[in-house]
Amino acid sequence: MGSKAIFSLVLILVISGKFVQSDLTFNFDNECSFSVWLSASPSVGDGDPERGPGTLEIFSMPDPWTGSLWLRTKCSYDASQVNFTCETGDCGSGSVDCQSPPPKPPVTLLNLDINQNVVSYEVSLNHGFNVPVRIQPIGGTLVGGSGVCPVVDCIKDMGDVCPPSLVAINKNRAYVGCNSPCDALKDPKYCCTGSFTGQACQPNDFSKRFKELCQLAHTYPGDNDPPIYKCSGASAYNVTFCPL
């Protein structure tokens with residue numbers, strides 16, 4: 001194949017949007033007073049997941065990519081210096097790398113669908129809460145709406161308001177996070193399973209309390225207020241841990 005033919009083929013692929021995978025900038029800003037370890041399912045290729053307090057990392061997220069991000073907290077090696085575990089968000093890998101296995105709740109989830117610089121994004125408390133977080137698109141336009149792409153977040157610490165039945169504790173019986181009622185109580189009405197699907201999936205006393213504190217997050221499986229926003233053409237996404 002001649003050089004002109006190769007150039008024409010490449011140009012067609014670029015125009016059609018079927019060329020090689022690109023990347024999208026995510027700025028991970030850890031404003032927490034403690035280290036966190038970023039985790040993803042499926043993997044985003046993060047070889048150094050630890051983010052110390054006060055650190056800002058400019059990270060290239062794969063595009064396309066669909067999955068969840070979350071944070072692990074209070075992580076350390078055991079006495080043998082072999083097994084690496086975390087008090088929240090642990091994925092059972094036993095290593096610093098935690099790319100793909102689902103996390104052990106409670107975790108604040110950032111659910112993303114990235115496709116050719118169009119990003120659907122939400123903060124979900126459907127599997128509990130462990131770290132306050134905010135997602136803020138930089139620029140871009142709201143798909144299916146007008147104006148800028150909105151911020152979503154859950155910036156209130158649940159530690160003081162988590163119901164006793166949902167409190168997650170460590171081996172020293174200290175609070176480490178707040179479970180969702182589905183994960184803690186295993187009741188179909190909280191999980192929106194069985195006879196509680198569709199229209200029968202309704203807010204509950206727990207989710208209503210969480211919504212009072214985190215109005216921009218989804219607090220139960222059927223929650224669509226706010227909707228899952230879709231942003232096109234943002235130059236980057238600022239993701240802040242412990243934003244206040």
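This text follows the salt bridges of the structure and the surroundings of the residues that form them. The model is a predicted one, in which local features need pLDDT of at least 70 and side-chain atom pairs count only at pLDDT 80 or more, while totals for chains, interfaces and linings use all residues. Residues are numbered from 1 along each chain as its sequence is written, and side-chain values use heavy atoms, with hydrogens and water left out.

Side chains of opposite charge can pair when their charged atoms come close. The structure holds five salt bridges, a salt bridge being a side-chain nitrogen of Lys or Arg within 4 Å of a carboxyl oxygen of Asp or Glu.

One of them joins E212 to R209, with 2.9 Å between the closest N and O atoms. Both residues belong to helix α4 (residues 205-213), where, being three residues apart, they are separated by about one helical turn; helices are DSSP runs of H or I with at least four residues, strands are runs of E with at least two, and both are numbered from the N terminus. E212 is exposed at 54% relative accessibility, whereas R209 is partly exposed at 32%; here buried means under 20% relative accessible area, exposed over 50%, and partly exposed in between (1.4 Å probe, protein chains only). Elsewhere, D46, R51 and E57 are joined into one network by salt bridges that share partners.

Within that group, R51 pairs with D46 at 2.6 Å between the closest N and O atoms. R51 is buried, at 2% relative accessibility, and D46 is likewise buried, at 6%.

A further salt bridge, 3.0 Å from N to O, brings together the side chains of R134 and D153. This pair links distant parts of the chain, since R134 lies in strand β9 (residues 133-138) and D153 in strand β11 (residues 152-154), 19 residues apart. R134 is partly exposed, with a relative accessible area of 22%, while D153 is buried at 9%.
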